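Q: Could you take me through the features of this model one at a time, giving the general idea before the particular case?

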Amino acid sequence: MTLGRINKLETFGSVDGPGVRFVVFTQGCPMRCKFCHNPETWDFAVEGGARLPAEAPFEISAGDLLKKALRYKSYWGTEGGITVSGGEPLAQMDFMIEFFEAAKAAGVNTCIDTSGVNFVRNEPYFGKFRRLMDATDLLLVDIKHIDPDEHKALTGHGNANILDMFRYLDEIHKPIWIRHVLVPGISDDDDYLARTRDFIRTLGNVKRVDVLPYHALALAKYQQLGIDYPLKDVKSPSPERVANAKKILEAALA
């Protein structure tokens, strides 16, 4: 039995996959995205580190977590289910396998919200990833930036292995929703958007593309945690720039 490190639970999520979702936010993430909304999930430890007031990360078994989730199954309808977000769920691979295999055995729709930063085609990780995908119905995946250098500047990591995960998910015909956070001066350049669109066009498993306008609503969290917010002077994109990005990226599915 592997214990999962959990930051918090949300019992009635409506933007984390289809239908109403029970959302699990894992504790720990290797990325440091400049626009991250959940800096309280960065530390892998459930004790110590930067914590928000009244926050209480915890460890739990897959079986006990599933029991908590199933209390809300009557709200999920035919489309809802469980989404595991983060932090980074794929940093806790053994727990995720246990949790999702148990969820599928209980007839639950399963979804992972991941950055893909941990993905490699090397063993033992790749074998575990394939096993997890057998128990996963949908993935929510971000293209944070299509340019490798800009991606590293934005997140602290390159994107080669992340884009390779997209290709692998296409190879196995695993459905994905793609999100793109539109950050003025960073990811809203028309050339970058066109390159992102062209990459999406190489994939046959994309069911949805969403443009998420950048905003600084997480600034208060950073201040509470004593962490500098690197994009505090960046404004949200204009409605015109959001519409432009949607026009370009949604054309990938046309």
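Q: How many bridges join strand β2 to strand β4, and do the two run parallel or antiparallel?
A: A word on the source comes before the case: this is a predicted model, in which local features need pLDDT of at least 70 and side-chain atom pairs count only at pLDDT 80 or more, while totals for chains, interfaces and linings use all residues. Residues are numbered from 1 along each chain as its sequence is written, and side-chain values use heavy atoms, with hydrogens and water left out. Strands (E, at least two residues) and helices (H or I, at least four) are DSSP runs numbered from the N terminus, and two strands pair if DSSP finds at least two bridges between them. Here five bridges join β2 (residues 21–26) to β4 (residues 81–85), and the two strands run parallel; within this pairing, Phe-22 has Ile-82 of β4 as its bridge partner.

Q: In what order do the strands of the sheet lie, and which are the edge strands?
A: Eight strands form an open sheet of mixed pairing, in the order β3-β1-β2-β4-β5-β6-β7-β8. The edge strands, each of which pairs on one side only, are β3 (58–61) and β8 (206–213). Neighbouring strands of the sheet are turned by 30° against each other on average, direction ignored, where the axes are lines fitted to C-alpha atoms (for helices over the stretch in contact) and angles run from 0 to 180 degrees between N-to-C directions.

Q: What is the volume of the largest pocket, and which residues are closest to its centre?
A: Pockets and cavities are found on a 1 Å grid over the protein atoms alone: a cavity is a set of points where a 1.4 Å probe fits but cannot get out, a pocket is an open set with protein on both sides within 12 Å along at least five of seven lines, and lining residues have an atom within 4 Å of a point. Grid points are joined across faces, edges and corners, and a volume is the space filled by probe spheres set on the points. The largest pocket has a volume of about 900 Å³, and of the 35 residues that line this pocket, His-37, Asn-38, Asp-113, Asp-142 and Arg-179 are the closest to its centre. Two or more lining residues come from each of β1 (3–13), β5, β6 (138–142), β7 and β8, with the largest share, four residues, from β8. By class the lining has 14 nonpolar, 11 polar and 10 charged residues, where Ala, Val, Leu, Ile, Met, Phe, Trp, Tyr, Cys and Pro count as nonpolar, Asp, Glu, Lys and Arg as charged, and the others, Gly among them, as polar.

Q: How many cavities of 30 Å³ or more does the structure hold, and what lines the largest?
A: The structure holds one cavity of 30 Å³ or more, and about 50 Å³ of space lies in the largest cavity. Its lining includes Asp-142, Lys-144, His-145 and Phe-166, and helix α5 (residues 160–171) gives the largest share, three residues. The lining divides into four nonpolar, four polar and two charged residues.

Q: How many salt bridges are there, and which parts does the pair Arg-121 and Glu-171 tie together?
A: Side chains of opposite charge can pair when their charged atoms come close. With a salt bridge taken as a side-chain nitrogen of Lys or Arg within 4 Å of a carboxyl oxygen of Asp or Glu, the count comes to 19. One of them joins Arg-121 and Glu-171 (3.1 Å, N to O); Arg-121 lies in the loop between β5 (109–114) and α3 (125–134) and Glu-171 in helix α5, so the pair ties together parts that are 50 residues apart in sequence.

Q: Is Asp-188, the partner of Arg-241 in a salt bridge, buried or exposed?
A: Buried means under 20% relative accessible area, exposed over 50%, and partly exposed in between (1.4 Å probe, protein chains only). Asp-188 counts as buried at 12% relative accessibility, whereas Arg-241 counts as partly exposed at 28%. Salt bridges that share partners also join Asp-113, Asp-142, Lys-144 and Arg-179 into one network.

Q: Which peptide bonds are cis, and what is the phi of His-173?
A: Most residues other than glycine have a negative phi, and most peptide bonds are trans. A cis bond joins Gly-86 and Gly-87, with omega about 5°, and another runs from Glu-123 to Pro-124, with omega near 10°. His-173, although not a glycine, has a positive phi of about 60°; His-173 is found in the loop between α5 and β7 and is exposed, with a relative accessible area of 65%.
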